[in-house]
Amino acid sequence: MSNVQRAAIAGAIYLAALFLAGMAWAGDIKGKVAVQGIRSAENIAVYVDAIPGKKFDAPAAHITIDQRKMTFVPRVEVVLAGTTVDFLNSDPVGHNVYWPSVSGNKKLAHNLGTWPKGEKKGFQFNDQGVASLLCNVHPEMSGYVVVVATPYFAVTDKEGNFDIKNVPPGQYTLKTWSEDGKPVSQSVNVTGESVTVDLTVKK
Amino acid sequence: MINRRGLSIFLSSAILVSGFLLWVLASAPRAKAIPAFSRKYQTSCTTCHSNFPELNDFGLAFKKAGFKFPKDDDTFVKDLPVLLGAKAQKEAFPGALYPGELPGNLPIAFRYSGFFNYNSKIPLANGFVPRTDLFVPNTFTIIAAGSFGPNISFWVDDDISAGGANGAAFMGDGYLKGNDIGRWLHLPKDALNVRFGQFELDLPFTQARTINLTGYDIFNQASVSLVNPALCAVAADPANTQCTTNNPFFFGVPQRGIEFGGYPNDGNFTWSLAIVNGNNSNTATRNSKDIYGRISQTFNLERDSSVRKEVQAAGPTGPRDHTSIRIGAFGYYGRNALNIGGSLFPTLPTIREPFYRFGGDFRFKYRKFELWGVGMYGHDTNVIPNTTDILTATGFVPTTPVTFAGGFIEGEYWFYPWLIGLVRYDGVNSPTDFANGASRYDTRNRFSPGVQVLVRANIKLAFEYQRRFEQPVAGSTQFFRANGFVLGTDFLF
């Protein structure tokens with residue numbers, strides 16, 4: 001084994017050690033969202049806000065939002081900016097998907113059109129904000145795509161629990177978005193272990 | 001003073017009624033109060049009514065919020081509404097229909113009321129009146145009410161029994177209301193609402209949904225001129241001349257129109273201004289519209305200032321109404337029209353007779369006791385042809401106006417949450433009615449003590465005794481009192 005080979009192996013071991021150490025340091029942000037004046041604590045987006053100087057590459061994998069029994073499934077989807085969302089129609093009726101704005105910016109409104117059962121259409125969400133998904137065939141249908149700047153996010157379950165995994169150590173701002181509640185912002189310090197954060201969303 | 005015969009009737013009747021009440025209380029099946037709002041929120045009638053249909057503080061706040069809980073309504077609704085479009089459709093408006101909602105279940109309730117009447121002996125000369133009359137009136141009413149989303153509410157009630165089997169039904173109130181529309185103008189919360197349709201005027205005390213078995217006399221006062229033409233001033237030819245006032249307007253009857261109003265400052269200040277036909281719940285009979293306005297201010301007298309902001313005050317046995325006093329004023333102005341098309345005086349033009357009503361009111365609440373009252377004055381212009389010969393008359397001249405004044409005062413006390421005592425005095429001074437032979441004196445008065453029993457939250461037995469003013473016996477110089485008592489049964493489901 002030449003010196004070059006030895007150096008390469010040592011370097012690989014060093015990098016692997018660094019990677020593993022990094023994995024060990026990453027922590028989870030867990031917690032529960034309580035609500036006041038809102039019917040349910042379910043489907044509240046909890047995410048780490050943009051980290052100054054840090055930019056994340058969009059995942060290559062697509063996210064799918066289904067249209068099933070005349071509802072968007074899931075009702076709330078959080079994605080990293082640049083993610084492509086595929087809208088699948090699983091209903092035996094045609095569905096349309098459009099959003100009249102992204103966080104009130106009507107210039108970002110978009111209409112994907114209408115398509116039958118079994119087909120899907122994709123859209124890459126590059127602009128941060130909330131797109132309110134609607135169907136002009138069935139006006140009661142409602143869903144939301146929350147586009148955020150980091151890959152650290154979660155959506156609450158029925159009890160309001162959330163779990164954001166593999167967050168690197170650091171000081172962050174945790175934010176919420178919900179359909180009926182006001183946004184909440186709270187600072188959180190991740191040190192490599194699980195951090196528990198309880199939030200309250202008010203109408 | 002009650003005479004001995006009347007007293008014995010009263011006492012024996014009271015014993016019978018008490019026995020009946022005890023029997024009912026002991027044997028009535030357990031019923032659940034489930035009219036429309038009870039179903040929607042899975043809550044008892046008593047949440048909003050301490051003695052239905054009278055609203056307590058919470059019920060008033062519920063009504064003012066557009067038939068919604070005053071705070072966090074979404075969390076209390078057990079019967080989820082049907083969304084008529086996703087909430088986010090607002091963003092797509094005007095490119096899409098503005099989203100609304102329908103009540104999850106049909107918001108319908110039914111109310112039955114039947115009154116047993118016992119009448120004192122009425123001279124036959126005044127017409128036969130039976131001593132007892134079983135269940136008159138006897139009404140069955142459909143009530144539908146609710147909200148179509150956060151800012152639109154509705155109410156429809158219709159007595160489907162009014163005409164008997166297959167008879168024509170009569171609608172009470174039927175209106176759509178836009179709640180807190182002033183928010184678009186950045187006005188304080190609840191400062192501006194609008195409702196339109198057929199509705200009871202914003203009276204100081206509702207007659208349509210009163211706890212009393214009989215209406216307030218002052219609200220039922222009609223303005224009709226002297227029926228004896230000889231008594232009409234200026235009329236030198238009594239055979240051909242007549243006073244004209246014959247106003248169809250009644251204060252206590254629903255009117256058709258549009259009303260703007262509000263209740264800012266946590267509902268302590270209220271105002272309303274309505275434009276109505278002035279022909280009760282009938283179609284308009286003239287072109288002009290009438291105006292009704294009312295303001296009131298409630299002074300919260302709770303010692304703890306923090307409690308004053310709450311919807312209800314807290315008591316040792318649960319929430320209760322705030323100790324408070326409310327004072328208000330109201331006024332109505334219209335121009336009645338007669339002789340349209342020469343129906344009374346063929347050669348003369350239409351008569352326009354301005355009329356007005358105004359008054360003041362108060363309500364005092366202290367724990368288990370409430371006291372309220374109204375004072376009111378009414379004035380109708382009254383005209384006659386300007387010559388003794390109608391054929392040569394060119395117009396009309398005013399004569400003695402038709403006026404009245406009066407009011408009522410009523411007290412209510414809860415001995416128990418289910419046993420309520422009432423006492424009320426009604427008085428109406430009407431020289432015109434006196435001249436028409438309606439009463440022995442100018443003032444007609446009535447003293448009405450009563451007891452009400454909530455058998456269940458949705459079932460009530462109510463008793464009311466009435467000692468009335470003296471009336472002349474027809475064709476005689478004697479007088480009589482049309483006293484009596486009423487036992488009412490009332491239930492909703």
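**Exercise 1. The domain contact in chain A**

Eight residues of domain 1 of chain A touch eight residues of domain 2 of chain A. Work out which elements supply the domain 1 side, and what kinds of residue are found there.

*Solution.* Keep in mind throughout that this is a predicted model.

- Step 1. Start with the bounds: domain 1 of chain A covers 1-56 + 153-203, and domain 2 covers 67-148.
- Step 2. Now look for elements that give two or more residues to the side of domain 1 that touches domain 2; these are strand 2 (45-48) and strand 12 (153-155) of chain A.
- Step 3. Sort the residues on that side by type: six are nonpolar, one is polar and one is charged.

**Exercise 2. The largest nonpolar core**

Find the residues with the most contacts inside the largest nonpolar core, and say which strand gives the largest share of this core.

*Solution.*

- Step 1. The largest nonpolar core has 48 residues, and those with the most contacts inside it are A:Ala45, A:Val46, A:Val145, A:Val146, A:Phe153 and A:Ile164.
- Step 2. Strand 11 (residues 142-148) of chain A provides the largest share, five residues.
- Step 3. Check the core against the domains: at least three of its residues come from each of domain 1 and domain 2 of chain A.
- Step 4. Another core, of 16 residues, lies apart from it and includes B:Phe37, B:Cys45, B:Cys48 and B:Phe67.
- Step 5. Zoom in on A:Val46. Once its neighbours within four places in sequence are left aside, its contacts include A:Val33, A:Phe153, A:Phe162, A:Ile164 and A:Leu174.

**Exercise 3. An open sheet and a strand pair**

For the four-stranded open sheet of chain A, give the strand order and identify the strands at the edges. Then describe the two faces of strand 7 of chain A.

*Solution.*

- Step 1. The order is 4-3-6-9, with mixed pairing.
- Step 2. Strand 4 (71-73) and strand 9 (120-125) each have a single partner strand, so they stand at the edges and one side of each has no neighbour in the sheet.
- Step 3. With direction ignored, neighbouring strands of this sheet are turned by 25° against each other on average.
- Step 4. Strand 3 (residues 63-68) and strand 4 of chain A run antiparallel and are joined by three bridges. One bridge partner pair is A:Asp66 with A:Val73 of strand 4.
- Step 5. Turn to strand 7 (residues 95-99) of chain A: A:His95, A:Val97 and A:Trp99 form its covered face, while A:Asn96 and A:Tyr98 form the uncovered one.
- Step 6. Five bridges pair strand 7 with strand 8 (residues 110-115) of chain A in the antiparallel sense. Here A:Tyr98 stands opposite A:Asn111 of strand 8.

**Exercise 4. Helix 3 of chain B**

Is helix 3 of chain B largely enclosed or left open by the rest of the structure?

*Solution.*

- Step 1. For context, chain B has seven helices and 25 strands, and 33% of its 493 residues count as buried.
- Step 2. Apply the cut-off: a residue is buried if 20 or more other C-beta atoms lie within 10 Å of its own. In helix 3, B:Asp57, B:Phe58, B:Gly59, B:Leu60, B:Ala61, B:Phe62 and B:Lys64 are buried.
- Step 3. That makes seven of the eight residues of helix 3 (residues 57-64), so this helix is largely enclosed by the rest of the structure.
- Step 4. Its buried residues pack against strand 15 (318-320) of chain B.
- Step 5. Just after helix 3, B:Gly66 has a positive phi of about 80°.

**Exercise 5. Backbone exceptions in chain B**

Most residues other than glycine have a negative phi, and most peptide bonds are trans. Where in chain B do B:Pro53, B:Pro94, B:Asp266 and B:Asn339 lie?

*Solution.*

- Step 1. The bond from B:Phe52 to B:Pro53 is cis, with omega near 5°; B:Pro53 lies in the loop between helix 2 (36-41) and helix 3.
- Step 2. B:Phe93 and B:Pro94 are also joined by a cis peptide bond, with omega about 10°. B:Pro94 is in the loop between helix 5 (89-92) and strand 2 (100-102).
- Step 3. B:Asp266, not a glycine, has a positive phi of about 55°, and its loop runs between strand 11 (255-262) and strand 12 (269-276).
- Step 4. B:Asn339 has a positive phi of about 60° and sits in the loop between strand 16 (324-338) and strand 17 (351-366). This residue counts as partly exposed because it has 17 C-beta neighbours inside 10 Å.

Technical notes:
Residues are numbered from 1 along each chain as its sequence is written. Chains are lettered from A and ligands numbered from 1 in the order in which they are written. This is a predicted model: local features need pLDDT of at least 70, side-chain atom pairs count only at pLDDT 80 or more; totals for chains, interfaces and linings use all residues. A residue is buried if 20 or more other C-beta atoms lie within 10 Å of its own, exposed if 12 or fewer, and partly exposed in between; C-beta atoms are placed from the backbone. Two residues are in contact if their C-beta atoms, placed from the backbone, lie within 7 Å. Two strands pair if DSSP finds at least two bridges between them. Axes are lines fitted to C-alpha atoms, for helices over the stretch in contact, and angles run from 0 to 180 degrees between N-to-C directions. A nonpolar core is a set of buried Ala, Val, Leu, Ile, Met, Phe, Trp, Tyr and Cys residues joined through C-beta atoms within 7 Å. Domain bounds come from an automatic or database domain assignment. Ala, Val, Leu, Ile, Met, Phe, Trp, Tyr, Cys and Pro count as nonpolar, Asp, Glu, Lys and Arg as charged, and the others, Gly among them, as polar.
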